[in-house]
Amino acid sequence: MRTLYIRRHSSRSAPDPHLNQAGVSLARRVGEGMGTYARVITSMLPRAYETALAMGYAVDAQHPAEELHTMPGAIFNQIAPPYTIANHAVVVNSHPPAAAFATKVVALWREIAQTIPNGAAALIILHGSIIEFGAIACFPDADYSAWGDGFSYCEGISLHLEGDTFTTIEMLRVR
């Protein structure tokens, strides 16, 4: 079994691409309670990389795949407020381009999981809505209303992968 911890980056003051001080402080606090990882991978965007560093981790790779940092606007604009995971699921289940994007996200997560030893874990830091879409694609029959709101800064999921199958999911919330 391999485990992926997939978290959203910390906060920034848009349009600045870098974390703000509150974001650095939040990432430090969250990082204090986290474990060790065989690999740490982020998207190519500065806020993801900086989140990993602020959490206390060296980054092994900044992955260039679009599925880690960019959701096409035509898909993102389909998501209706409030930004719950259930509302993300409506888009994945009714909008073929969203379903295709979610499938690509999960394929990339599987690929990353295969780069770590059996019994190990990897940390992936990426961006909001991408995590929700990937989680939905991993567990297409879940009760998404029970999963709550979309992921805020430094929140995300942990996934266990056995072979090629994601077997369990846990919501990682910041309190």
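So, which residues does Glu132 touch, not counting residues up to four places away in sequence? Keep that in mind while I set the scene, and please remember that this is a predicted model.

Let's start with the sheet. It's an open one, six strands, and the order goes 3-2-4-1-5-6 with mixed pairing. The two edges are strand 3, residues 61–62, and strand 6, residues 165–172, and each of those pairs on one side only. As a quick reminder, strands of a sheet pair through backbone hydrogen bonds, either parallel or antiparallel. Over at the strand 3 edge, strand 2, which covers residues 39–42, runs parallel to strand 3, and two bridges join them. If you want a spot to click on there, take Ile41: its bridge partner in strand 3 is Ala61.

Now, what packs on this sheet? Helix 6 does, residues 130–138. The strands touched by helix 6 are strand 1 (2–8), strand 4 (121–126), strand 5 (156–162) and strand 6. Its direction makes about 35° with that of strand 5.

And helix 6 is where we find Glu132. Back to my opening question, then: Glu132 touches Ile85, His88, Gly150 and Phe151. Here's the bit I'd like you to look at on screen. Glu132 is buried, yet it has no salt bridge. The nearest side chain of opposite charge is Arg8, and that sits 6.4 Å away, while the cut-off for a salt bridge is 4 Å.

So where is a salt bridge found? The search of the whole structure turns up one, and it's between the side chains of Arg173 and Glu155, at 3.1 Å, N to O. This pair links distant parts of the chain: Arg173 belongs to the segment after strand 6, Glu155 to the loop between helix 6 and strand 5, and they're 18 residues apart. Are these two buried or exposed? Arg173 comes out partly exposed, because its relative accessible area is 22% and buried means under 20%. Glu155, on the other hand, is at 8%, so it counts as buried.

Last topic, cysteines. A disulfide is a covalent bond between the sulfur atoms of two cysteines. How many disulfides do we count here? Zero. Two cysteines to look at while you're in there: Cys138 is buried, with a relative accessible area of 12%, and Cys154 is buried too, at 0%.

That's my tour, thanks, everyone.

Definitions and conventions:
Residues are numbered from 1 along each chain as its sequence is written. This is a predicted model: local features need pLDDT of at least 70, side-chain atom pairs count only at pLDDT 80 or more; totals for chains, interfaces and linings use all residues. Side-chain values use heavy atoms; hydrogens and water are left out. Two strands pair if DSSP finds at least two bridges between them. Helices (H or I, at least four residues) and strands (E, at least two) are DSSP runs, numbered from the N terminus. Contact means heavy atoms within 4.5 Å. Axes are lines fitted to C-alpha atoms, for helices over the stretch in contact, and angles run from 0 to 180 degrees between N-to-C directions. Buried means under 20% relative accessible area, exposed over 50%, partly exposed in between (1.4 Å probe, protein chains only). Lys and Arg count as positive and Asp and Glu as negative; His and the chain ends are not counted. A disulfide is a pair of cysteine sulfur atoms within 2.5 Å.
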